[in-house]
Amino acid sequence: MAGEKTEKATPKRKQDERKKGNVFQSHEVVMVAGLLASFYGLKLLGPFTLQTLETSVAQFFLLAGEFEEISIQECRQLFIDGFIIFVKAALPLLLISGLVAVILTLAQTKLLFSMKSLAFKANRLNPLSGLKKIISLRGMVEMLKAVSKILILGYIVYTVFVEYIPQLPRLMDMNLGQAAAQTGSMILDIVSTVAIAAAAVAAADYIYQWWDYEKNLRMSKQELKEEYKQSEGDPQVKGKIRERQQAQARRRMMQSVPEADVIIRNPTHYAVAVRYIPEKNNAPVVVAKGVDSLALKIVAVGEEHGVTIMENRPLARGLYEAVDIDREIPENYYQAVAEVLAFVYSLKQKDLK
């Protein structure tokens, strides 16, 4: 069917969709990379974060014993101190995960920023449109993907966590720092195992998103024709323009035939009109040429204006093939054309006598 979208999207179609903000990207890859960056950032910055929290908790407990009443100014200062502690403990982790998410998003979208995707669209408020998205093929796939991801990752977390259950009672024999370190080590071990499964899920989602993006951009044969007309022009219009240009070129060429010194023909298929002006040209110039009906027309115009016509089959065909209109003849034709012109000039001199 003509309306069936079976053709691969053209570069122009992809560029147009990109301008609208419709680009290929996998949010699963960004999410998984962000979570992994957060966990491994926590492992790297864990000692510093724990030390900051311990120091802060100790300071606040000391302050609790010093204040009997707290003024508004002191509350403001405590809030500022608490915010500074939060920045020291949490901001580096937030920056790491945020930076990874931004880099991966920009890498997938190729630094695209489009306001069209943020523009208000009334159909987004339509409940029916939202329902159609939910029950569509893409909506069902997304739901199955989410359920599968939860089941797979949940099973992996459970199987790994079961191995650490016997070690949990030992945490009661440790101080707070040791217990926190041991718990963090267990969590990171679980995360390391889950990361493999999460990476596999993200890779599968990346492939699916690429396939779905390419499928949604497919075009019908009619759309390809319309795009070609827009980018290259309507073939019928271009054909008419080309015909008009050729007609104009033929008219200009025929206007030069009366000025030719000689017309060399073969005898009905080819005709080449040559003119030589020593003060203007270094060599004779082909002012008109044609085959079949155009050749006969050139000969007729030449006869009408008294241009000498000579029959030389190889020379006529050779000049037609080798020389464009309004171009000087090549050097290998000098001798043959010179002999023709010399004969023509001798005829003209006889006529003058």
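**View A. G306, just past the end of α9.** Right after α9, G306 adopts a positive phi of about 75°. Helices here are DSSP runs of H or I with at least four residues, strands are E runs of at least two, and both are numbered from the N terminus. Keep in mind that this is a predicted model, where local features need pLDDT of at least 70, side-chain atom pairs count only at pLDDT 80 or more, and totals for chains, interfaces and linings use all residues. Residue numbers start from 1 along each chain as its sequence is written, and side-chain values use heavy atoms, with hydrogens and water left out.

**View B. The two sides of α9 (293-304).** A295, I298, V299, V301 and G302 are buried (under 20% relative accessible area, 1.4 Å probe, protein chains only). Looking down the axis of α9, these buried residues fit within an arc of 165°, so they line one face of the helix; the arc is taken over the directions from the helix axis to the C-beta atoms. S293, E303 and E304 sit on the other side and are exposed (over 50%).

**View C. The length of α9.** With 12 residues at 1.5 Å a residue, α9 should span 16 Å, and its end C-alpha atoms are indeed 16 Å apart. The expected span is 1.5 Å times one less than the number of residues.

**View D. D292, in the loop ahead of α9.** D292 links β3 (285-291) to α9 and has a positive phi of about 55° despite not being a glycine. Most residues other than glycine have a negative phi. D292 counts as partly exposed (between the 20% and 50% cut-offs) because its relative accessibility is 42%.

**View E. D326, another non-glycine with positive phi.** The phi of D326 is near 65°, and D326 lies in the loop between α10 (313-322) and β5 (327-328).
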